[in-house]
Amino acid sequence: HIERELMLVKVRASGKDREEMKRLADIFRGRILDVTDKSYTIELTGDSTKLDAFLVAIDRAAILETVRTGASGIGRGERILRV
């Protein structure tokens, strides 16, 4: 099956940390959805281990808000996911 989770995370992004936060978002294939003078809001999708790895990679003090959907899944190809 295919399984994905969505996470929105608002992070501090000012001064020298701004470029590093953008680089990390790119590495994890995230999208920056909102930009202010002091913060970025980043959208990430993937399995929970990928999203957890992103949170570990950034400085905990930089996290302002985090929202996660939980896992959603669907069967691959002709398969049907049954619960």
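This is a short tour of the structure above, one selection at a time; the model is predicted.

**The whole chain**

Start by showing the entire protein chain as a cartoon. You should find two helices and five strands. Walk along from the N terminus and the elements come in the order β-α-β-β-α-β-β. The C-alpha trace spans about 50 × 20 × 20 Å along its principal axes. Of the 83 residues in the chain, 27% are buried. Now consider the contacts between residues with a separation of 6 or more: 68% of them join residues 24 or more positions apart.

**Strand β3 and its partners**

Next, select residues 39–46, which form β3. How many of the eight residues in β3 are buried? Six are, and the strand is mostly covered.

Add β1, residues 2–12, to your selection. β1 and β3 run antiparallel and are joined by eight bridges. To see one such pairing, click on L6, which stands opposite T45 in β3.

Now bring in β2, residues 31–35. β2 also pairs with β3 in the antiparallel sense, here over four bridges. Look for V35, whose bridge partner in β3 is Y40. Between β2 and β3 there are three residues, and the two strands form a hairpin.

**Two residues to compare**

Stay in β3 and select T41, which has its place in that strand. Is T41 buried or exposed? It counts as buried because its relative accessibility is 15%, and the cut-off for buried is under 20%. Setting aside residues up to four places away in sequence, T41 touches V9, K10, R31, I32, L33 and D34.

Then move to R4, in strand β1. R4 has a relative accessibility of 48%, so this residue counts as partly exposed. Show its surroundings: leaving out residues up to four places away in sequence, R4 touches G46, G70, A71 and S72. For a good distance to display, pick the C-alpha atoms of R4 and D47. These two residues are 43 residues apart along the chain, yet their C-alpha atoms are separated by 5.0 Å.

**Helix α1**

Select residues 17–27 to highlight helix α1. Which residues of α1 are buried? They are M21, L24 and A25. These residues lie on the same side of α1, because they cover an arc of only 100 degrees around the axis. An α-helix has 3.6 residues a turn, so residues three or four places apart point the same way.

What covers these buried residues? Turn on the neighbouring elements to find out: the cover includes β1, β2, β3 and also α2, residues 48–57. Before leaving the helix, step just past the end of α1 to R29, which takes a positive phi of about 55 degrees.

**The largest pocket**

For the last stop, show the molecular surface. Rolling a probe the size of a water molecule over the atoms shows where empty space is left. The largest pocket has a volume of about 160 Å³. To mark its lining, select R12, A13, S14, D17, E20, M21, L24, K38, I58, D59 and A62. Which element gives the largest share of this lining? It is helix α1, with four residues. M21 and L24, buried residues of α1, are among the lining residues too. Finally, colour the lining by residue type: five residues are nonpolar, one is polar and five are charged.

Notes
Residues numbered from 1 in each chain as written. Predicted model: local features only at pLDDT ≥ 70, side-chain atom pairs only at ≥ 80, totals over all residues. Heavy atoms only, no water. 1 Å grid on protein atoms, 1.4 Å probe; cavity = no way out; pocket = protein on both sides within 12 Å on 5 of 7 lines; lining within 4 Å. Points joined across faces, edges and corners; volume = space filled by probe spheres on them. Nonpolar A, V, L, I, M, F, W, Y, C, P; charged D, E, K, R; others polar. Buried < 20%, exposed > 50% of the residue type's maximum accessible area, 1.4 Å probe, protein only. Arc of directions from axis to C-beta. Contact = heavy atoms within 4.5 Å. Pairing = 2+ DSSP bridges.
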